[in-house]
Amino acid sequence: MSRILMIVAADRAAPLSGEAEVELRVAPGIPAAPISAHDWTLADLAVLAAGQNAEAEGFSAVCVGEFGDFGANALRSVLDIPVVAAGRSAMLYALTLGAQFGIIAPPAGYTRAKKLVQEYGLTAQCTGVRAYAETATEGAILTAAKVAIEEDGAEVLVLGEPVSPDMAARLAAALPVPVVEPASLAVMLAESFLGLGLGQSRRTYPVPQARKPELIAKLIAAGEGA
Amino acid sequence: MARVLVIVPFPMDADNLEKRKAQLGAVKLGPDIAFDFKPVRIAPVNYVSQQDSVLADVGMLEAGLQAEADGYDAVCIDTVSDSGMAPLRSVLNIPVIGAGRHAMLTALMLGDRFSILAMWDRWRHLYAKTLAELGLGAKCASVRSAGLQPNNQSLLAGKEDEFFPALHEAAMRCIEEDGADVIILGSTTMHEAHAYLAARLPVPIINPGPLTYRLAETAIRLKLSHSRVTFPSPAAPATARLAAMGDAAARV
């Protein structure tokens, strides 16, 4: 059975897979609630460090399981196995289901989501990002989702932070549009890419002239507890 | 066991249908999923004009209208034109996977810009339509054709020595001259060239038919289907009228 590495910011249950063993790895050094470019830079480094040896460790694919796609592009440049970026994939997948998508996210995800929509060239296809409070109850998250649909015109909803499968199912049942949960989708797409022999393009993600795995690992180790 | 209906866009005999089914061999599928291939009864001769697109939409709609009632869990459209995808989505609640739309969006999961590799220029209008619908024209580096006459029944059989190198040359120009990061085969009828090209190109190349099988599986397992807001239901599906049209076409 193939092994898929899912890199996350905080411990949670790994998404289920019918074909692979999914191993969850919390990347040390991702700032809590990354809200600014400073935090994103540190998160990029943390995810790169956590996944840079995935191929040598025997993994068949890597999923960057946070919606923010931290470090995903860098991992793609150093790995030949498929690297799935949960946020990027979720937004593009949403467009297979409907013409325009909306995103709901906690405050820390709001600015990042706006940035990624712009970076991926999907501004015209995104109806907007609606934030809910960091400590929001499920009811408050549902309210944000309804605003995204009724006021912004979202035809598909993308969740900007991971939620449990049970909660994703409850949200989907309560809403009139499809709800895309990025982490579980990422695993399915990783399996699909493996089944099809597909991976990221070397033209978009060129290999560095000098790889620096030891330096990257030392930076993370030095930063721990500092 | 999940069951998926693959709608083949031309009427054809059993031998030629086998050439379509051979696409299943290009992908490793998950457990407990089966695919039935069904040719349409209503179809144009080929897909080179807007007349053809209308006939194709009607034919695909007629062929797939009962898929949900027949117990299928998803429908795959075996053409990059996505003919019939939107009307079928408006009447079916099960996922309907169009090879073209899904190939373009998947390409953007793998790289920044894609090119579409076609057999001939007469398919250009098909891609222009989907790119416009998606609003992703800027992500398409180019549509290039190899200037080859396609055959939607016998596919590439017997012409490999001439066609495969010509397709390879056109694909390399997409990459080197147009800046493509990912290549999409412009038709499911080109699937026999996929392995040859994948082994020789420096970028990923998407085989659109097999991709739909995996994405049907993804949609079924994640319990995801198209948005009813994007694809509203008709007041009254014309089930009897479409069936009568299918019967009439089969007699022509």
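## A guided tour of two chains

Start by selecting A:Ala33, which is exposed because just 12 other C-beta atoms lie within 10 Å, and a residue with 12 or fewer counts as exposed. You will find A:Ala33 in the loop between β2 (20-26) and α1 (37-51) of chain A. Look at the backbone here: phi of A:Ala33 is near 45 degrees, a positive value in a residue other than glycine. Keep in mind as you go that everything on your screen is a predicted model.

**Stop two: a loop in chain B**

Now select B:Lys223. Which loop holds B:Lys223? It is the loop between α8 (208-221) and α9 (239-251) of chain B. The phi angle of B:Lys223 is near 55 degrees, again a positive value in a residue other than glycine. B:Lys223 counts as exposed, because it has 12 C-beta neighbours inside 10 Å.

**Stop three: the two domains of chain A**

Colour chain A in two parts: domain 1 covers 2-85 + 184-223, and domain 2 covers 87-181. Taken over C-alpha atoms, the centres of domain 1 and domain 2 of chain A are separated by 22 Å. Where they touch, 16 residues of domain 1 of chain A are in contact with 20 residues of domain 2 of chain A. On the domain 1 side of chain A, β4 (83-85) and α7 are the elements that give two or more residues to this contact. The largest share of that side, 4 residues, comes from α7(A). Sorted by class, the domain 1 side of chain A has 11 nonpolar, 3 polar and 2 charged residues.

**Stop four: a covered strand**

Stay in chain A and select strand β5 (residues 101-105). Is this strand enclosed or open? All of it is buried, 5 of the 5 residues, so β5 of chain A is largely enclosed by the rest of the structure. Turn the view to see each face of β5(A): on one side sit A:Phe101, A:Ile103 and A:Ala105, on the other A:Gly102 and A:Ile104, and all are buried. This pattern is a handy one to know, because in a regular strand the side chains alternate between the two faces of the sheet.

Next, add strand β6 (residues 126-131) of chain A to your selection. β5(A) and β6(A) run parallel and are joined by 5 bridges. To see one pair of partners, pick A:Ala105, which stands opposite A:Ala131 in β6(A).

**Stop five: the two domains of chain B**

Move over to chain B. Its mean pLDDT is 96, and 100% of its residues reach 70 or more. Colour chain B by domain too: domain 1 is 2-98 + 210-251 and domain 2 is 100-207. The C-alpha centres of domain 1 and domain 2 of chain B lie 22 Å apart. The contact between them takes 20 residues from domain 1 of chain B and 20 residues from domain 2 of chain B. On the domain 1 side, α1 (14-21), β4 (96-98) and α8 of chain B each supply at least two residues. α8(B) gives the largest share of that side, 4 residues. The residues of the domain 1 side of chain B divide into 10 nonpolar, 7 polar and 3 charged.

**Stop six: a buried helix**

Select helix α4 (residues 99-110) of chain B. How many of the residues of α4(B) are buried? The helix is mostly covered, with 12 of its 12 residues buried; among them are B:Arg101, B:His102 and B:Leu105. You can try a length check here: at 1.5 Å a residue, the 12 residues of α4 of chain B should span 16 Å, and the end C-alpha atoms are 17 Å apart, which agrees.

Zoom in on B:Met109, which lies in helix α4 of chain B. B:Met109 is buried because 22 other C-beta atoms lie within 10 Å, and 20 or more is what it takes. Then select B:Val182: B:Met109 and B:Val182 are 73 residues apart in sequence, yet 9.9 Å apart in space, C-alpha to C-alpha. Leaving aside its neighbours within four places in sequence, B:Met109 is in contact with A:Arg88, A:Ser89 and A:Leu92.

**Last stop: where the chains meet**

Those contacts lead across to chain A, so zoom out and show both chains. In total, 36 residues of chain A are in contact with 40 residues of chain B. On the chain A side, α3 (86-97) and α7 (182-196) each supply at least two residues. The largest share of that side, 8 residues, comes from α7(A). By class, the chain A side divides into 16 nonpolar, 14 polar and 6 charged residues. For the complex, the predictor gives an ipTM of 0.87 and a pTM of 0.92.

Methods: Residues numbered from 1 in each chain as written. Chains lettered and ligands numbered in written order. Predicted model: local features only at pLDDT ≥ 70, side-chain atom pairs only at ≥ 80, totals over all residues. Contact = placed C-beta atoms within 7 Å. Nonpolar A, V, L, I, M, F, W, Y, C, P; charged D, E, K, R; others polar. Domains from an automatic or database assignment. Expected span 1.5 Å × (residues − 1). pLDDT = per-residue confidence, 0-100. Pairing = 2+ DSSP bridges.
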